Amino acid sequence: ASAVMTTMYGFAYVDKNGVVISLEPQIKGVYVPLMTGKKMDTVLLGDTITDDSIRAALAYLDSLSPEILRNIAEINVGNPNKITAYTNDSIPIRLGNGDDPAERAKVTEELLQEVQSNRLDVQYIDSDIHAPLVKSK
């Protein structure tokens, strides 16, 4: 599974292609980021999620290294122009509209390493590939 999403009856685990691979009444011991901001009504096993912002978020998650991915707790797709991932330390990572997910993942990794190396107190990270930014508090 690449992410878990809230549905009307529980939770849907989706793979990197947006295919529902498991439906559960509650979140099990599998650790994957929680996709928030959009609730799926009724999805069935094998359904493919076609929402553009969800697919962009999944492509971004799939582009992250396993080490960095373990630090992503949530990804909010409620506003398709302001997709935001959150680390386990609650640092928001702005992903814009999710364009260039592989490049944004690369920028995220570089900026998160900088934050960890320098022990920065961060307000947010912007993964804009043309103007990446770590905004300190």
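## Lining of the largest pocket

The lining of the largest pocket comprises six nonpolar, six polar and three charged residues. This pocket belongs to a predicted model, and its volume is about 190 Å³. Its lining counts 15 residues, of which Thr 87, Asp 89, Ile 91, Leu 112 and Val 115 are the closest to the centre. Two or more lining residues come from each of the elements α3 and β8. Helix α3 makes the greatest contribution to this lining, giving three residues.

## Helix α3

Helix α3 covers residues 101-118 and has 18 residues. At 1.5 Å a residue the helix should span 26 Å, and its end C-alpha atoms are 26 Å apart, so the expected and computed values agree. After the helix comes Arg 119, which has a positive phi, near 50°.

The buried residues of α3 are Arg 104, Ala 105, Val 107, Thr 108, Glu 109, Leu 111, Leu 112 and Val 115. Leu 112 and Val 115 thus appear both in this buried set and among the residues closest to the centre of the largest pocket. The cover over the buried residues of α3 includes the helices α1 (52-63) and α2 (66-69). It also includes the strands β6 (84-87), β7 (92-94), β8 (122-126) and β9 (133-136).

## Strands β5, β6 and β7

Strand β6, part of the cover over α3, pairs with β5 and with β7. Strand β5, residues 72-76, runs antiparallel to β6, and four bridges connect the two. One bridge partnership sets Asn 76 with Thr 84 of β6.

The pairing of β6 with β7 is likewise antiparallel and has three bridges. Here Ala 85 stands opposite Ile 93 of β7. The two strands form a hairpin with four residues between them, and in this hairpin Ser 90 adopts a positive phi near 65°.

## The cavity

The structure contains one cavity of 30 Å³ or more. The volume of the largest cavity is about 30 Å³. Its lining consists of Ala 56, Ala 57, Tyr 60, Ile 83, Leu 95, Gly 98, Pro 101 and Arg 104. Elements α1 and α3 are those that supply two or more of these residues, and α1 gives the most, with three.

By residue class, the cavity lining divides into six nonpolar residues, one polar residue and one charged residue. Arg 104, which belongs to this lining, is also one of the buried residues of α3.

## The environment of Met 5

Met 5 lies in strand β1, which covers residues 3-7. Its relative accessible area is 0%; because this is under the 20% cut-off, Met 5 is classed as buried.

Neighbours within four places in sequence set aside, Met 5 makes contact with Gly 10, Phe 11, Ala 12, Val 14, Met 35, Met 40 and Ile 54. Of these partners, Met 40 is 35 residues from Met 5 in sequence, while the C-alpha atoms of the two are 7.4 Å apart in space. Another partner, Ile 54, falls within the residue range of α1, 52-63.

Conventions
Residues are numbered from 1 along each chain as its sequence is written. This is a predicted model: local features need pLDDT of at least 70, side-chain atom pairs count only at pLDDT 80 or more; totals for chains, interfaces and linings use all residues. Side-chain values use heavy atoms; hydrogens and water are left out. The expected span of a helix is 1.5 Å times one less than its number of residues. Buried means under 20% relative accessible area, exposed over 50%, partly exposed in between (1.4 Å probe, protein chains only). Contact means heavy atoms within 4.5 Å. Two strands pair if DSSP finds at least two bridges between them. On a 1 Å grid over the protein atoms alone, a cavity is a set of points where a 1.4 Å probe fits but cannot get out, and a pocket is an open set with protein on both sides within 12 Å along at least five of seven lines; lining residues have an atom within 4 Å of a point. Grid points are joined across faces, edges and corners, and a volume is the space filled by probe spheres set on the points. Ala, Val, Leu, Ile, Met, Phe, Trp, Tyr, Cys and Pro count as nonpolar, Asp, Glu, Lys and Arg as charged, and the others, Gly among them, as polar.
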